Each structure stands twice: as structure tokens, then as C-alpha cells.
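The exercises below are meant to be worked with the model open beside the text. Each begins with a task and continues with a solution that goes step by step.

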Amino acid sequence: MNEHELKAAVLATARQMNAERLNRGAAGNVSVRCGAGFLVTPTGMTYAACEPDDMVHVGLDGQAVGRRKPSSEWRFHRDIYAARPEAGAIIHAHAPFAVSLACMGCTIPPFHYMVARFGGSDVRCAAYATFGTQALSDAVLAALQDRCACLMAHHGMVAFGHDLDHALALAVELETLCEQYWRVLQIGPPRLLADDEMARVLVAFRDYGRQ
């Protein structure tokens, strides 16, 4: 895709994120890798009110180019792209069940084998820091070590994939997993899968979805 097509795809993904009930209003943000930087949704604008040219190009040096200001969370987008070459697109959402668990500082343990979908035997919760700060970006990067998604304490979730469709699919799967874990907790402490079983599942997931 050229840059204009990528801008349209970012906006379409942001709107789909809300349609999937991962997000509401102007919360959350979406980005895609583009050249030596990335395109990201603008700050404080509802996606229904946006046009493709409202998407902002941000370089890995933090310099923004566009008619709008970039998302206040551009720092962790930049730092994920810099640290994780496999990241082609990033979704950040204030999804209801993810937020509920994140406000309790919950790590999602191996109560279900699909936890392995995100790269490990658990889904970590990044430590809290004020939104838009480098401290938050540092916390998110730590929680994403060897993972492609994490919760964010008192905030939401973030997931990255190799493209926009993949990132959105992972975000939907993570919110589904958060809802399932939340429901299990209403019954009581879950029974967890053993380490050796999670190791087998992680190997199986290496080729998951490849046709």
C-alpha cells in the first residue's frame, strides 16, 4: 500500500475496533509501520469524525508530520516498533473486560491454552504509569518481553501483529480471553494448566493459522 492507502486502512481498523466493542469514542489508538516510522490515529478525535488524512506520520525520532497531533500514546507505539521488528501494526484499546482485570493488576495465568496465543504461559499486566509518558512506554515494553500483547494497569490493553488485520484479531482474542477469565473468577480460583502442557501448546502455536 502507498501512504494514503495505509492511512485509510488505519482509520478503517480504528472504526472496526469500536464496532467490535473493544473501544468507545476517541479512546484507544491504532498504528501501522510506514517507512522509517509509523502512521497513528490522531489524539482526541472520534474515529467517525476522522478522515484518512487525519492520520499522523511519526518518525522513530518522535517527529510528527501531519495536520493533526498524534495520539498521546505515540511513545509506546514508537518504542514497540523500534524494539520488535516483527511488529507491523499495533492496537491499543480500553476494552471492558481487559480494563476490569487491568484495574486489579491481574496477570492472566494459564487457565486456558489460548493464553499461549500471545507468546507465553501468561499475559502480563504492565505497571501503571501516567498515560502518554515514557514511563508508561517502558512498562509496556517490559510486559511485552517475549509476548505480543499485555494488559496495562488501570488503563487497558495493547497487542501487536504483523499487519492491521492480525493486530485487530489478536486484540479481539485477548478481550475474549479476558472475559472468560473474568467469568471464571466469579466461580472461584481457576485450575491452571501445567508448565509442560503450556510448553507443548507454545510449540503448536508456532505454526498456528499458517496455510
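A nonpolar core is a set of buried Ala, Val, Leu, Ile, Met, Phe, Trp, Tyr and Cys residues that are joined through side-chain atoms within 4.5 Å. The model to which this term is applied here is a predicted one.

**Exercise 1. The nonpolar core**

Task: Find which residues of the largest nonpolar core touch the most other members, and state which helix gives the most to this core.

Solution: Begin with the core itself, which has 70 residues, and among these Ile-80, Ile-108, Val-140, Leu-151, Val-158 and Leu-174 touch the most other members. Next, turn to the helices, where helix 5, residues 164-187, gives the most to this core, with nine residues. Finally, take Val-158 as an example: when residues up to four places away in sequence are not counted, its contacts include Phe-76, Ile-80, Ile-90, Val-140, Leu-144 and Met-152.

**Exercise 2. Two aromatic pairs**

Task: Decide whether the pair of Phe-38 and Tyr-81 is stacked, tilted or edge-to-face, and then do likewise for Tyr-113 and Phe-205.

Solution: The structure holds four aromatic pairs, of which two are treated here. The ring centres of Phe-38 and Tyr-81 are 5.3 Å apart and their planes stand at 35°, so this pair is tilted; planes under 30 degrees apart would count as stacked and those over 60 as edge-to-face. Because Phe-38 belongs to strand 2 (residues 37-40) and Tyr-81 to helix 2 (residues 74-83), the pair ties together parts that are 43 residues apart in sequence. Phe-38 counts as buried at 0% relative accessibility, and Tyr-81 is likewise buried, with a relative accessible area of 2%.

For the pair of Tyr-113 and Phe-205, the centres are 6.4 Å apart and the angle between the planes is 20°, and the pair is stacked. Tyr-113 lies in the loop between helix 3 (96-102) and strand 6 (125-126), whereas Phe-205 lies in the segment after helix 6 (195-204), so this pair ties together parts that are 92 residues apart in sequence. As to accessibility, Tyr-113 is partly exposed, with a relative accessible area of 43%, while Phe-205 counts as buried at 14%.

**Exercise 3. The crossing of two helices**

Task: Describe how helix 2 and helix 4 cross, and name the residues that make the contact.

Solution: The axes of helix 2 and helix 4 (residues 134-143) come within 8 Å and cross at roughly 40°. The two helices are therefore oblique to each other, since angles under 35 degrees would count as roughly parallel. The crossing in which helix 2 passes helix 4 is right-handed. On the side of helix 2, the contact is made by Arg-75, Phe-76, Arg-78, Asp-79, Ile-80 and Ala-83, and on the side of helix 4 by Gln-134, Leu-136, Ser-137, Val-140 and Leu-141.

**Exercise 4. Residues in loops**

Task: Locate Ser-71 and Gly-132, and decide for each whether the residue is buried or exposed.

Solution: Ser-71 is in the loop between strand 4 (64-65) and helix 2, and at 3% relative accessibility it counts as buried. Beyond four places in sequence, Ser-71 touches Asn-29, Val-40, Thr-41, Pro-42 and Thr-43. Gly-132 is placed in the loop between strand 6 and helix 4, and it too counts as buried, at 13%. With neighbours within four places in sequence left aside, Gly-132 is in contact with Ser-72, Glu-73 and Arg-75.

Terms used:
Residues numbered from 1 in each chain as written. Predicted model: local features only at pLDDT ≥ 70, side-chain atom pairs only at ≥ 80, totals over all residues. Heavy atoms only, no water. Phe/Tyr/Trp six-rings, centres within 6.5 Å; stacked < 30°, edge-to-face > 60°. Helix = DSSP H or I, 4+ residues; strand = E, 2+ residues; numbered from the N terminus. Buried < 20%, exposed > 50% of the residue type's maximum accessible area, 1.4 Å probe, protein only. Contact = heavy atoms within 4.5 Å. Axes fitted to C-alpha atoms, helices over the stretch in contact; angles between N-to-C directions. Parallel < 35°, antiparallel > 145°, perpendicular 65-115°, else oblique. Left-handed = near helix turned anticlockwise from the far one by under 90°.
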